[in-house]
Amino acid sequence: MAKTREQNAGIFNTYDLKKTGGKLIYGIMVAILILAGIVALFPSIWIFMMGLKDTQEIYANTSFFPENLTWTVFVERLAEAIQLVEFWKMSFNTLLVSLGSVAMTLFVSGMGGYVISRLKPRGTKLIFILIVWTMMMPGQIRTVPLFISYLSFPFVAEIPGEVSLINTYWPMWLGAAASCFNIILFKNQFDSISISLVEAAKIDGCGNGRIFFNIMLPLSVPTILYISIVTMQGAWSEFFNGYLVLTERSIQTLPVRVFVTSTAQGVKQNTYMLCLILSSLPMLILFMLFHRQMIGGANVGGVKG
């Protein structure tokens, strides 16, 4: 129990808090954190409050809280927002994109990290340098080449344009799979696993595939959980690639559908504000449930030793 308390302790211990200077510094830090939290949460709270107001009240009333709001009115406006963006159908589409992105990044990035960490073929250092270098490149410069690849997927069809990824989820899945940051996280995690386990498995006749799936991945659960949650959050809120390739209404994701709805005529401002809150609500719940695992997985995957 004492060890657990010591691990959860911060930079201040009980002795520091007994001193006047320690109490003062601790109070200042808490005040700064509270202020930062208010600043971070204020835009979302403001959008939610605007969604609860009438359209006329948004422009005419400068008060922060809505007036004449009842539970019946709130339910009606929420139902209108859900129906406007087809929330359940678009959420299912977004969930497919998110789960596919998680599966692809765990497999491809995990394999990449395993190759660099354990197999180490010729040119591994150069490959790792190139991977780190690509992290410094702005993502916008890849837009045109990627879109051309989506229109006519290379190395598959003999006739240009015969195989197109437009109006499919493959562009989002492939984009999530090639994650340089996740490859580095996996590499650091695999480096921290004792080489004796790998050597013992090879003596028992295990190949690289069994070592990867039966030894490396089970010992990397915190890192896998962290990468899965972060990837799912990124895939759920992915807008640019989705807007670029998903032109059919039936397969659009929730962020794309919310944006398309905002450009339509006759959409009420308060309804659109509620749509924004609805689109971000699932990932907010996910973060609240797994924020400890995210922090713990980042610490494990980011430290070599």
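Start in helix 10, residues 180-191, and select lysine 187 and aspartate 191: the two sit 4 residues apart in that helix, so about one helical turn separates them. Show their side chains and you'll find a salt bridge, with the closest N and O atoms 2.7 Å apart. Keep in mind as you click around that this is a predicted model.

Now switch on a surface and check the cover over this pair. Lysine 187 has a relative accessible area of 13%, so it goes down as buried. Aspartate 191 comes out at 19%, and because the cut-off for buried is under 20%, aspartate 191 counts as buried too.

Zoom out for a moment. Coloured by secondary structure, the chain shows 16 helices and 0 strands. A search of the whole structure turns up 3 salt bridges, so there are other stops to make.

Next, select aspartate 54 and arginine 77. Their closest N and O atoms are 2.0 Å apart, and the two form a salt bridge. Where does each partner sit? Aspartate 54 is in the loop between helix 3 (20-52) and helix 4 (55-60), while arginine 77 belongs to helix 5 (residues 71-84). That puts the partners 23 residues apart, with the pair linking distant parts of the chain. Turn the surface back on here: is arginine 77 buried or exposed? Arginine 77 is buried, at 12% relative accessible area. Aspartate 54, on the other hand, is partly exposed at 32%.

From helix 5, move along to the loop that leads into helix 6 (87-119) and pick glutamate 86. Add arginine 249 to the selection, and you have a salt bridge between the two side chains at 2.6 Å, N to O. Arginine 249 is in the loop between helix 14 (240-245) and helix 15 (254-262), so this bridge ties together parts of the chain 163 residues apart in sequence. Both ends are loop residues. For accessibility, glutamate 86 is partly exposed at 24%, and arginine 249 is partly exposed as well, at 45%.

To finish, clear the selections and look at the whole chain. It has 305 residues, and 33% of them count as buried. Take the contacts between residues at least 6 apart in sequence: 71% of these join residues at least 24 apart. Finally, colour the surface by element. The accessible surface comes to about 18900 Å², and carbon and sulfur atoms account for 69% of that.

Terms used. Residues are numbered from 1 along each chain as its sequence is written. This is a predicted model: local features need pLDDT of at least 70, side-chain atom pairs count only at pLDDT 80 or more; totals for chains, interfaces and linings use all residues. Side-chain values use heavy atoms; hydrogens and water are left out. A salt bridge is a side-chain nitrogen of Lys or Arg within 4 Å of a carboxyl oxygen of Asp or Glu. Buried means under 20% relative accessible area, exposed over 50%, partly exposed in between (1.4 Å probe, protein chains only). Contact means heavy atoms within 4.5 Å. Accessible areas come from the Shrake-Rupley method with a 1.4 Å probe; for residues, only the protein chains shown count as cover.
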